[in-house]
Amino acid sequence: MKILAKYRQPRFGRSVLELLVTVFPLAGFWAVAYFSLAHGFWYGLIAIIPAAAFLLRLFMIQHDCGHGSFFARRRLDDWTGRAIGVLTLTPYDCWRRAHAAHHASAGNLEERGIGDITTLTVSEYRALSPMKRLGYRLYRHPLVMFGLGPAWLFLLKQRLPIGLMNGGALPWISTMATNLAIVVCAALMAWAVGLLPFLLIHLPVVLLSGAAGIWLFYVQHQFEETHWSAGEDWHFPQAALHGASHYDLPLVLRWLTGNIGIHHVHHLASRIPYYRLSEVLRDHPQLASIGRITLSESFQCIRLVLWDERRQKLVSFREAAAVHA
């Protein structure tokens with residue numbers, strides 16, 4: 001952690017450039033989709049896909065702002081994050097608080113639930129009633145997790161500070177102010193381009209971006225050799241480095257996702273700007289092999305749904321039934 005501290009300083013000009021090369025392409029692809037729709041060129045709606053990719057990248061900038069690592073100027077980071085939150089439908093201050101809790105407790109079996117994908121141990125699952133087991137199976141089903149999940153999270157759940165309702169005034173102010181700004185911006189866009197075109201373009205952009213974001217978060221912690229522990233066995237450096245994956249993506253996807261795949265390093269030193277994470281792997285190549293999964297390997301992670309405390313690894317429902325029968 002001391003070695004990684006030297007990578008924490010962002011470059012202001014680079015941060016501004018990263019913001020510009022994300023916002024302008026997002027606006028450009030959105031415009032291409034709109035003009036294609038307005039002139040009957042339906043094939044032009046393919047532009048929704050790159051627009052969603054750049055909205056996802058914009059969320060990664062919001063993510064860095066939440067860690068105070070994008071500009072390393074707290075007020076500038078916070079207001080940049082709040083403005084981006086209107087586009088990503090994510091109330092910044094609420095999300096920042098929940099995400100900080102996630103970083104402080106990732107891999108701790110005794111502190112699951114805030115900012116995490118719900119993961120039960122095998123014994124916890126076996127202790128559930130049949131109906132609750134069915135509910136957990138439905139929750140972990142890919143169609144629910146990556147299909148219904150983005151709509152529930154970004155369109156509904158984040159409209160209220162769920163999980164933070166007893167956290168004082170800030171979660172409410174953050175959520176309601178973001179909601180108001182979303183309504184105003186959506187009304188202006190609907191007035192400018194028409195309600196139906198706006199919905200036909202922007203809803204798919206948001207939902208595709210959200211599905212990709214949930215997938216990334218899933219793969220970063222739900223891989224077979226991840227690390228979980230409890231009580232005095234839990235130590236932050238070990239949980240950070242071994243409880244998060246190195247999702248080794250192709251270069252283009254790495255750029256679009258803001259190097260978030262280098263997640264083990266990010267958890268170990270969250271103040272490193274995302275565009276400097278690649279420098280860490282370049283200078284310390286021994287880190288690249290820790291928790292490494294490739295794009296093709298990552299699809300196998302979907303079946304991993306329960307933590308087996310005896311084997312110290314994530315397993316599928318079938319594996320859990322076979323071992324504990």
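Is Thr121 buried or exposed? In this predicted model, Thr121 is buried, because its relative accessible area is 2%, and buried residues are those under 20%. The residue belongs to strand β1, which covers residues 120-121. Its side chain joins that of Ser123 through a polar contact of 3.2 Å. Beyond the neighbours within four places in sequence, Thr121 is in contact with Leu109 and Arg112, and also with Leu306, Trp307 and Glu309.

From this strand, the description can turn to the nonpolar interior. The largest nonpolar core has 44 residues, and the members that touch the most other members are Leu4, Ile201, Val265 and Ile272. Many helices contribute: at least two residues of this core come from each of α1 (12-38), α2 (48-66), α3 (74-88), α8, α9, α10 (236-243), α12 (263-268) and α13 (277-283). Helix α2 gives the largest share, with 8 residues. A second core, separate from this one, holds 18 residues, among them Met60, Trp95, Met145 and Leu249.

Two residues help to show how parts of the chain meet. Ile201, once neighbours within four places in sequence are set aside, is in contact with Trp30, Ala33, Tyr34, Leu37, Leu45 and Ile48. Ala51 is found in helix α2, and its relative accessible area of 0% is why it counts as buried. With neighbours within four places again left out, the contacts of Ala51 are Leu26, Phe29, Trp30 and Val205. Trp30 therefore appears in the contacts of Ile201 and in those of Ala51, where contact stands for heavy atoms within 4.5 Å. Ala51 and Leu208 offer a further view of the fold: they are 157 residues apart in sequence, while their C-alpha atoms are 9.4 Å apart in space.Nonpolar side chains are also found at the surface. A patch of about 900 Å² is made by Trp152, Leu155, Leu156, Leu160, Ile162, Trp172, Met176, Leu195, Leu199 and Leu203. The elements giving two or more residues to this nonpolar patch are α7 (142-156), α8 (169-193) and α9 (195-221). One of the patch residues, Leu195, is found in helix α9. With a relative accessible area of 55%, Leu195 is exposed, because the term applies to values over 50%.

Charged residues come next. Side chains of opposite charge can pair when their charged atoms come close. How many salt bridges does a search of the whole structure find? The search finds 14. In one of them, the side chains of Arg57 and Glu18 meet at 2.6 Å, N to O. This pair links distant parts of the chain, with Arg57 in helix α2 and Glu18 in helix α1, 39 residues apart. Arg57 counts as buried at 1% relative accessibility, and Glu18 is buried too, with a relative accessible area of 5%.

Another salt bridge brings together the side chains of Arg82 and Asp93, at 2.9 Å from N to O. Here again the pair links distant parts of the chain: Arg82 is in helix α3 and Asp93 in helix α4 (residues 92-105), 11 residues apart. Arg82 counts as partly exposed at 24% relative accessibility, whereas Asp93 counts as buried at 7%. A third example is the pair Arg282 and Asp283, whose side chains meet in a salt bridge of 2.9 Å, N to O. In this pair, Arg282 counts as exposed, at 58% relative accessibility, and Asp283 counts as partly exposed, at 34%. Some salt bridges share partners, and in this way Arg74, Asp78, Arg82, Asp93 and Arg96 are joined into one network.

The last residue considered here is Glu319, found in helix α15 (residues 317-323). Glu319 is partly exposed, because its relative accessible area is 25%, a value between the limits of 20% for buried and 50% for exposed. Not counting residues up to four places away in sequence, Glu319 touches Arg303 and Leu304. The side chain of Glu319 makes a polar contact of 3.3 Å with the side chain of Arg303. As for Leu304, its C-alpha atom is separated by 9.3 Å from that of Glu319, and the two residues are 15 residues apart along the chain.

Key
Residues numbered from 1 in each chain as written. Predicted model: local features only at pLDDT ≥ 70, side-chain atom pairs only at ≥ 80, totals over all residues. Heavy atoms only, no water. Helix = DSSP H or I, 4+ residues; strand = E, 2+ residues; numbered from the N terminus. Buried < 20%, exposed > 50% of the residue type's maximum accessible area, 1.4 Å probe, protein only. Polar contact = N/O pair within 3.5 Å; in protein donor to acceptor, adjacent residues only side chain to side chain. Patch = residues over 30% accessible without salt bridge, like charges linked within 9 Å, V, L, I, M, F, W, Y side chains within 5 Å. Areas by Shrake-Rupley, 256 points an atom, 1.4 Å probe, with all protein chains shown as cover. Salt bridge = Lys/Arg side-chain N within 4 Å of Asp/Glu carboxyl O. Core = buried A, V, L, I, M, F, W, Y, C linked by side-chain atoms within 4.5 Å.
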